[in-house]
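Reader: Hi! Could you walk me through this one?
Author: Happy to, here it is.

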Amino acid sequence: MNAARLPAELTIYTVGELYPHCLEWLSRAGSFVSGQAPEELRVDAAAVAEVDAAGVQLLLSLANALRPHAQSLVLDHPSPALARACSALGASTLLDGSAAKGTAE
Amino acid sequence: MNQAESDESFIAEVLPVFIGEANEQIEALEQLLLQLEGEPGDRDLLDALFRCAHTIKGSAGLFGLDEVVRFTHHVETLLDHLREGSLVLTPELGSLLLESNDQIRVLISAAQHEHDEPVETADARAAIVRRLREASGETAESIGDPGAPEAPLAAAAGIRRWHVSVQFTGDAFRHGMDPLAILNYLRGLGEIPNILCDTLAVPALDGFDPEHCHLAFGFSLDTAATRTEIERAFEFARDDCVLRLIEPDARPRDFVALIDAMPDNPRLGDILVAVGAITRAQLSRGLHDQAEAAEGTGKAPPLGALLQSSTGLSANVVAAALKKQQRQREGTSGSGLSEDNGFIRVQADRLDEVINLLGELVIAGAGASLLARQTRQRGLIEANQQITRLIEGIRNSTLQLRMVPIGETFARFRRVVRDTAAELGKDVVLEIVGGETELDKAVVERIADPLMHLVRNALDHGLETPQQRLAAGKPAQGRLTLNACHESGNILIRIIDDGRGIQSQKVLERAWDRGLVEKGVVPPEAEILKLIFEAGFSTAEKVTNLSGRGVGMDVVRRNVEALRGSVAISSEVGKGSCIEIRLPLTLAIIDGFLIGVGPSKFIFPLDAVVEVIANRQTTTALDAQGRSCVELRGQMLPVVDLRMLYALDSPRPERSSVVVIRAGTRRYGVMVDVLLGQHQTVIKPLGLMLRSLRGVSGSSILGTGEVALIFDAAALGQLASQSRNPSSKPIRTAGHASETVTPHR
């Protein structure tokens, strides 16, 4: 399992710090895919208390980076704040498959 | 590198402007918060508050003041909750927001002076951030699930479906914009039944700058709000997004109105698309048709006509769009002017320079017109008169530039009164009257501190606690009034409280203790209260945090007098006190009335002159101080003779004139030899030697190079009436006056 976890604050102030972590998650996911069947990158999103559009954008970017690898981003236990922000921004696809182990899109 | 350098110099240049604006916003924030305490839940106020905070955050972002942005962000979040109605403004929240505002002020001033802040303030700020987050965090979870659609009230009158497409620019995040907040705000205006984020526009992670905004949205909005109201949501992001609002069920005349109201957008197609009269696809088909037709015939048919036939667009709409386009082509430079007739910012010292030069010009002009008169050439005299009139016009409008309403200064005291009263356990309401009264900026700046002291004093010593007030049969809430008005060339500022008043006996006792008055001597009542303003009267006996800071009322008086003003106090035990400050409107140039006594010239401020009684027989009945009375339209008018008051030794002419002066509510006459008429007076301060000269507020240089002393109408009146009092000493200044005036013969 990836120990990928989103911080409590997912905003313009923290995306810079989070970005290298995302790259790392992505590289790990990439190595997965090289030998394995299509997987998904699970990120624990329970802690997110504060989120803005920049935070959601980073998640979108991560999801877009996974797509060429035929992978999907799954947000585990998204906090209410994150869920609200995603749906408010029309990025509900990010929430797909987060409740159960479902398929993306 | 070059880019970075030029950025840096740009920032250095513009930072002061930002700081000035930020301070205005902070001031506005404070006022709004205080106002909001009176009417919590007022939507307009909340919106205005949010805008202020947002503006500060946005522009701080431009200057890379991260600490300001970070902190203001938390304030903004809380304000957003208040605005959404998910939180109600309690007094605690109000205080928290006021404290936060203070923090923003500290941060801004730190940015201004570029000093490192001490650890304590950073800690204090962190504590406030915690409280802010608690305040907004608790409720963040308690907001209802926005996913649950509320029953759509489309049936309700006026709800229409707008189509909005918005593309944020790359710098939107860095400028402090949060599309999420904007969308949430729009949800307050109406329903967003569907929203589409252009997720594919966000690049994949590799080489991605997470602080660069790639977001674009398309959504529908069901709302009764007008276009302006919707656009207002994007107000702060105006430079950071491309916004298109489309209203599909609009009628042709609505489009015409919209086109008229549109911002600059010189392409016909864009105009039509932007208002939603046609779609982008229809436009590109139209353009395509146009290009094809041009290829075939070598002549392009007008796009408007093509669109009319292909999309069924109303001819009116096309005509309006064409007209708009025409106007913009004609007047790209002119229209900028008409839209931007608001304000320009000028540095105060540039203005001061202009005023200094103007002072010189006035003197030089007076000299020139004097010479012209000596030549007795009518043409030259007339030309000079014309110049004098013009100089006068320039003078008036230039001085007007420096005039600011005093209300801004008064409004600052709202916070002081609120906090101080709370600290002292008192309930006080501040009333501001005449805040629109204007006076010179320099005066406003220098009167703020004395006023602050007086306000604190009234709160501390004057007004009682609610219990004491009820016991005294007064309403529990005390009233403090700041009142400003114009009064014969002066501004009169009154600080009135309905507190316990001043017990003159106590004042007298303290004055005896302090040796200000010889023990046992009892001066008249009016004189006793004035003792409060004497140096050494304030005591450390009752040092409170507020008014007993060692700065006494004597400092207040000195500050006011340094502005050529005066302070007076009146009080009624049990009813309250009133402190009156009279200040000149300006420190630079006034309209004066020039008179002569023997060879000496004097100037009265023209506003103080009511009328003149010219060329009357010199009265003989003068008392030892040169006072008498004349009858003016059936009333007795006290008259003072300058020659005797200031001991000017020159022969008395046979006939003299009386200038009737108004000082406060009183009138008196001044006997002079000759009336020399109106004179533009550039006020020069009195030298150190002449400071003690009483009744005189300044000097001025005449066109001939002579020096004239400028009278202070109120002080002169006081001086004249004082000598009536047998207990007071003879006028000490008389000797001085003759010494100082005669050298300019």
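Reader: What share of the contacts in chain A with a separation of 6 or more is accounted for by residues 24 or more positions apart?
Author: Residues 24 or more positions apart account for 75% of those contacts in chain A. Two residues are in contact if their C-beta atoms, placed from the backbone, lie within 7 Å. Bear in mind that this is a predicted model, where local features need pLDDT of at least 70, side-chain atom pairs count only at pLDDT 80 or more, and totals for chains, interfaces and linings use all residues. Residues are numbered from 1 along each chain as its sequence is written, while chains are lettered from A and ligands numbered from 1 in the order in which they are written.

Reader: Thanks! And which pattern does chain A follow along the sequence?
Author: The pattern is β-α-β-β-α-β-α, from three helices and four strands. Helices (H or I, at least four residues) and strands (E, at least two) are DSSP runs, numbered from the N terminus.

Reader: How many helices and strands are there in chain B?
Author: Chain B has 24 helices and 22 strands.

Reader: What percentage of each chain is buried?
Author: In chain A, 48% of the 105 residues are buried; in chain B, 35% of the 745 residues are. A residue is buried if 20 or more other C-beta atoms lie within 10 Å of its own, exposed if 12 or fewer, and partly exposed in between, with C-beta atoms placed from the backbone.

Reader: Switching to the interface, how many residues does each chain bring to the contact?
Author: Chain B gives 30 residues and chain A gives 29 residues. On the chain B side, H5 (119–142), H6 (179–189), E3 (195–197) and E4 (216–223) each supply at least two residues. The largest share of that side, four residues, is from H6(B).

Reader: What classes of residue are on that side of chain B?
Author: There are 20 nonpolar, five polar and five charged residues on the side of chain B that touches chain A. Here Ala, Val, Leu, Ile, Met, Phe, Trp, Tyr, Cys and Pro count as nonpolar, Asp, Glu, Lys and Arg as charged, and the others, Gly among them, as polar.

Reader: Say I click on B:Leu186 in H6 of chain B. Is B:Leu186 buried or exposed?
Author: B:Leu186 is buried, because 24 other C-beta atoms lie within 10 Å. Leaving aside neighbours within four places in sequence, B:Leu186 is in contact with B:Ile192, B:Leu221 and B:Ala233.

Reader: Now the helix pair H2 and H3 of chain B: at roughly what angle do their axes cross?
Author: The axes of H2(B) (43–62) and H3(B) (66–84) cross at roughly 160° and come within 9 Å. Axes are lines fitted to C-alpha atoms, for helices over the stretch in contact, and angles run from 0 to 180 degrees between N-to-C directions. The crossing angle therefore makes H2(B) roughly antiparallel to H3(B); angles under 35 degrees count as roughly parallel, over 145 as roughly antiparallel, 65 to 115 as roughly perpendicular and the rest as oblique.

Reader: Great. Last one: which residues of H14 in chain B are buried?
Author: They are B:Ile355, B:Leu358, B:Gly359, B:Val362, B:Gly365, B:Ala366 and B:Ala372. These buried residues of H14(B) pack against H15 (378–401), E13 (589–597) and E20 (674–682) of chain B.

Reader: And what follows H14(B)?
Author: B:Arg376 does, with a positive phi near 60°.
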